[in-house]
Amino acid sequence: MLFTSLLFAAFFLVVYIIFWSIPNQKGKEFWLLIASIVFYGSWSLGFLVHFLAVVGMNYYFVRLLHKNQSKRLINTAVVINLVNLGLFKYFYFFTDIFASLSGISALTNLRNSTTFKIILPLAISFYTFQMLAYIIDVYRKKVEKEISLLDFTIFILFFPQLIAGPIMRSQDFLPELKNIKAKPEYLSPGLSFIALGILKKVLIADNLALLIDPVWTAPANYDWITILLVAHAFTWQIYCDFSGYTDIARGCAFLLGFRIPENFRSPFLADSARDLWQRWHVTLSTWLRDYIYIPLGGNRQGEFRSYINLILTFTLGGLWHGANFTYILWGFYHGVILALERVFERFNWRITSTSFLWKLVCIFYAYHVFVIGAMMFRSNNMGDYLLIMKKILTVSSGNPISVTDFETILYLCFFSFIIQLAQYFETVPNWILKSKKFLIPLSYIILLLLISLYSKSGKEFVYFQF
Amino acid sequence: MNETFLKHKFLFYPLLLAGFIFCFDKFFGTDFVRKYTESRIEYSFYAEKGALLEQLMAYQSTKKPDEKLLILFGTSHMGEFSHKYIHEKDERITTYNFSAPMAPPSYLYYNLQTVLSAGAKIDYAVLEIIPEIFQDAANEYALKFAYDWRFMFENKDFFSSDEMESFVHANLFSVVRFPPRLNIAMQRIKDKNKIAGFEYFNSMVHLATKQNNGGIPNPIIHEIPENVFEKESKIYYAQAFRKQGDKSFKESTAQKKFFEKFLETCKQNNIQVLVYKPIISKPLQKLLDESDFYEVWWKDKIELANKSGIPVLNLVDHASSIQCQKFVDVHHLSGGCYPEITDILLKKISTTDEHR
């Protein structure tokens with residue numbers, strides 16, 4: 001059920017009407033649970049059973065950990081969750097590696113087998129991380145109050161954020177769950193976020209994907225300018241795709257009386273790689289910091305070790321995205337860049353000018369750090385990545401993209417830049433706030449007209465694959 | 001606590017907004033607005049089919065036993081066939097044309113089903129196929145303007161979820177069927193003659209359809225100089241077969257199935273059907289011949305037709321003997337050249353008829 005589909009709109013309308021018709025708290029909780037189960041079950045009933053079993057098992061561990069803060073117990077819980085994730089997500093990746101090392105042909109053929117196939121359950125990476133965070137917090141005594149199975153299940157399954165985050169923390173969500181209130185101040189942001197998310201996803205990301213996907217599928221056919229252009233275009237596509245999803249998720253949550261955390265804060269206006277990661281996929285960055293970087297020792301074990309920890313954390317973050325060497329390289333690359341920035345800071349090599357021009361240079365640098373990473377992230381495999389790098393570095397010839405497509409890509413990127421710029425200045429002008437009752441319907445009508453004119457076939461959200 | 005609509009009236013706001021948008025959308029679907037905002041002509045061709053069916057059924061009720069009903073199913077290439085010319089050549093045959101711009105096999109099958117369900121007895125059918133209509137994109141107009149809920153439901157296993165969704169969207173939202181082009185509206189507000197021009201075109205389609213049993217034959221020979229065809233063919237080819245990765249053609253499994261269903265249904269209803277492929281300009285044909293998909297695609301269609309014992313007429317095979325080859329664009333032969341190809345078509349039909 002895609003957020004941008006009519007089916008989801010109808011589903012959400014029904015959920016909304018019934019949710020705000022139920023007078024009592026418990027009834028609302030049960031209804032949220034049913035809605036979330038239906039939402040996930042519409043994708044796969046089999047995996048719904050698997051998902052609920054994993055939730056049940058984790059709840060059991062939570063109960064045990066509340067009673068007994070045992071290291072063995074937490075290790076077992078973490079290992080089981082990682083095995084569950086690894087089995088579905090990395091099975092073929094590791095069997096391929098093992099096959100190439102051992103030369104066992106049966107393993108090589110496993111990926112193409114028609115009788116044995118492992119399908120990646122929807123949202124497994126996100127829900128695994130959310131559950132791990134909760135049980136580790138219980139172990140660390142950051143969460144001391146025991147919660148019911150119902151609350152735990154809703155916390156994990158809450159449908160607006162279930163598929164691709166934001167990765168929530170129980171401290172943010174559970175207080176609102178236990179005291180569901182209709183908040184008038186959530187209404188305008190809720191509706192505005194939904195409109196903004198649809199605009200980003202349907203009008204920008206999907207149209208960009210349509211233009212650039214053919215180039216990513218066969219980069220060897222294209223010239224270096226086209227490759228460079230689509231690298232930038234993908235950067236904006238993934239931003240609009242992922243942040244568009246998050247906006248819709250937040251908008252829906254707001255309308256149901258929940259504030260779920262922000263995941264994107266104008267990342268391409270960051271002025272360093274570190275700043276970038278405080279603005280891009282914020283909930284994953286903080287998860288990696290709290291549950292990998294700090295347990296590895298963080299910066300408590302000396303400067304050099306902190307660099308290693310940083311690189312290791314981000315490399316694992318890359319692996320979390322998918323079972324492909326391009327993701328691992330992408331994570332490693334960002335870890336190295338962040339470590340290098342720290343080295344510069346440590347030796348005071350960083351220019352600390354406050355001039356506007358210098359700020360622009362820094363933004364240009366941080367943005368291009370992302371673009372270079374995006375090429376690794378989007379390449380189908382390492383071979384393609386090396387090929388596109390070679391094409392760019394050797395100014396290689398090939399087919400150009402058509403002038404019309406070139407122009408459309410530039411317009412779309414510019415449009416998304418304007419949106420990001422508007423979001424950078426977090427305060428909403430007074431005249432907008434005053435006329436929101438008029439502006440919200442107007443923006444929906446404009447959106448409807450724009451979609452009717454410019455929307456192409458709906459594509460899945462990029463982060464659904466993770 | 002009673003956190004409900006009854007206590008908080010502001011909770012109604014999203015529902016009112018949804019209702020308001022839904023109603024506002026309907027405003028864009030009204031004839032009054034559409035005459036300002038609509039610029040595409042395809043709808044008129046698809047919309048005429050209801051009236052055409054009524055016309056056909058009126059003929060059916062008076063049809064004599066020795067008369068033969070020929071129905072043409074295809075794309076804009078078929079529009080130029082004249083029912084009058086065919087009747088002149090063989091007075092037993094009355095022709096109806098159920099073709100529409102870029103109509104895919106699913107739409108042609110839909111029309112076949114509609115005509116058969118209405119009770120018409122079809123003697124001959126010509127099914128035009130070109131590779132363009134075997135792609136997903138070809139279904140756009142039919143999903144927006146043609147199919148009904150029943151047809152979609154009955155064939156839900158064939159259509160992709162994207163197609164099902166497009167159909168639902170188009171049937172719930174007027175702006176999806178008739179995207180309101182504001183620049184066109186501005187032009188028409190400034191110059192009312194443009195509205196008259198658009199309405200005149202629609203009435204012409206209606207009139208031509210009525211007078212020509214669904215066809216829009218134009219006997220005048222138009223000709224575009226051949227020297228522009230090379231460049232135009234490349235542009236058309238790039239648009240029609242948009243590259244998807246390293247492939248420039250991705251056949252829709254749904255359209256292939258509907259092609260098979262069409263042939264099967266004809267066979268079940270004892271309709272003598274002919275699979276027909278039109279002639280196109282030489283530069284475009286050359287691009288297709290050099291492509292990596294065309295030969296495979298065509299061979300596959302011949303095999304499917306042969307499997308059911310259905311004859312195939314590839315007009316390209318007759319290219320050397322066709323005298324009149326004037327094109328109005330890279331893939332449309334001028335209407336003035338159609339008598340010659342109509343003769344070839346009728347000859348093929350009668351030869352097949354003799355062998356039955």
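In chain B, Tyr276(B) sits opposite Leu313(B) of β5(B). That pair belongs to a predicted model, in which local features need pLDDT of at least 70 and side-chain atom pairs count only at pLDDT 80 or more, while totals for chains, interfaces and linings use all residues. Residues are numbered from 1 along each chain as its sequence is written, and chains are lettered from A, with ligands numbered from 1, in the order in which they are written.

Back to the strands. β4(B) and β5(B) run parallel and are joined by 3 bridges; two strands count as paired if DSSP finds at least two bridges between them. Strand β4 (residues 272-277) of chain B also pairs with strand β3 (residues 124-128) of chain B, again in the parallel sense, over 5 bridges. Here Tyr124(B) is the residue that faces Gln272(B) of β4(B). These pairings are part of an open sheet of 5 strands in chain B, ordered β2-β1-β3-β4-β5 and paired in parallel. At the edges are β2 (93-97) and β5 (312-314) of chain B, each pairing on one side only. On average, neighbouring strands of this sheet are turned by 20° against each other, direction ignored; the axes behind that angle are lines fitted to C-alpha atoms (for helices over the stretch in contact), and angles run from 0 to 180 degrees between N-to-C directions. As for burial, 5 of the 6 residues of β4(B) are buried, so this strand is largely enclosed by the rest of the structure. A residue is called buried if 20 or more other C-beta atoms lie within 10 Å of its own, exposed if 12 or fewer, and partly exposed in between, with C-beta atoms placed from the backbone.

Taken as a whole, chain B has 17 helices and 7 strands, where helices (H or I, at least four residues) and strands (E, at least two) are DSSP runs numbered from the N terminus. Its C-alpha trace spans about 85 × 45 × 45 Å along the principal axes. The radius of gyration of chain B is 23 Å, which agrees with the value near 21 Å for a compact globule of 356 residues; the radius is taken over C-alpha atoms, and the globule rule is 2.2 Å times the number of residues to the power 0.38. Buried residues account for 36% of the 356 residues in chain B. Of the contacts in chain B between residues at least 6 apart in sequence, 84% join residues at least 24 apart, a contact being two residues whose C-beta atoms, placed from the backbone, lie within 7 Å.

Chain A has 21 helices and 0 strands. The C-alpha atoms of chain A fill a box of roughly 65 × 65 × 55 Å along the principal axes. With 466 residues, a compact globule should come out near 23 Å in radius of gyration, and chain A, at 23 Å, agrees. In chain A, 39% of the 466 residues count as buried, and residues 24 or more positions apart make up 75% of the contacts with a separation of 6 or more.

Among the helices of chain A is α16 (residues 325-346), whose 22 residues should span 32 Å at 1.5 Å a residue; the end C-alpha atoms are 31 Å apart, which agrees. The expected span is 1.5 Å times one less than the number of residues. Buried residues of α16(A) include Tyr327(A), Trp330(A), Phe332(A) and His334(A). The buried residues of this helix pack against α13 (273-277), α15 (303-321), α17 (356-378) and α18 of chain A. After α16(A) comes Asn348(A), with a positive phi near 55°. Helix α5 (residues 91-102) of chain A has 12 residues and an expected span of 16 Å, and its end C-alpha atoms are 16 Å apart, which agrees. α5(A) is followed by Gly103(A), where phi is positive, near 75°.

The loop between α18 (382-393) and α19 (403-424) of chain A holds Ser397(A). With 11 other C-beta atoms within 10 Å, Ser397(A) is exposed. Ser397(A) and Ile225(A) are 172 residues apart in sequence, yet 8.6 Å apart in space, C-alpha to C-alpha.

Now for the interface. 30 residues of chain B are in contact with 28 residues of chain A. On the chain B side, α1 (13-28), α9 (161-172) and α10 (174-177) are the elements giving two or more residues. α1(B) supplies the largest share, 8 residues. By type, the chain B side divides into 17 nonpolar, 6 polar and 7 charged residues; Ala, Val, Leu, Ile, Met, Phe, Trp, Tyr, Cys and Pro count as nonpolar, Asp, Glu, Lys and Arg as charged, and the others, Gly among them, as polar.
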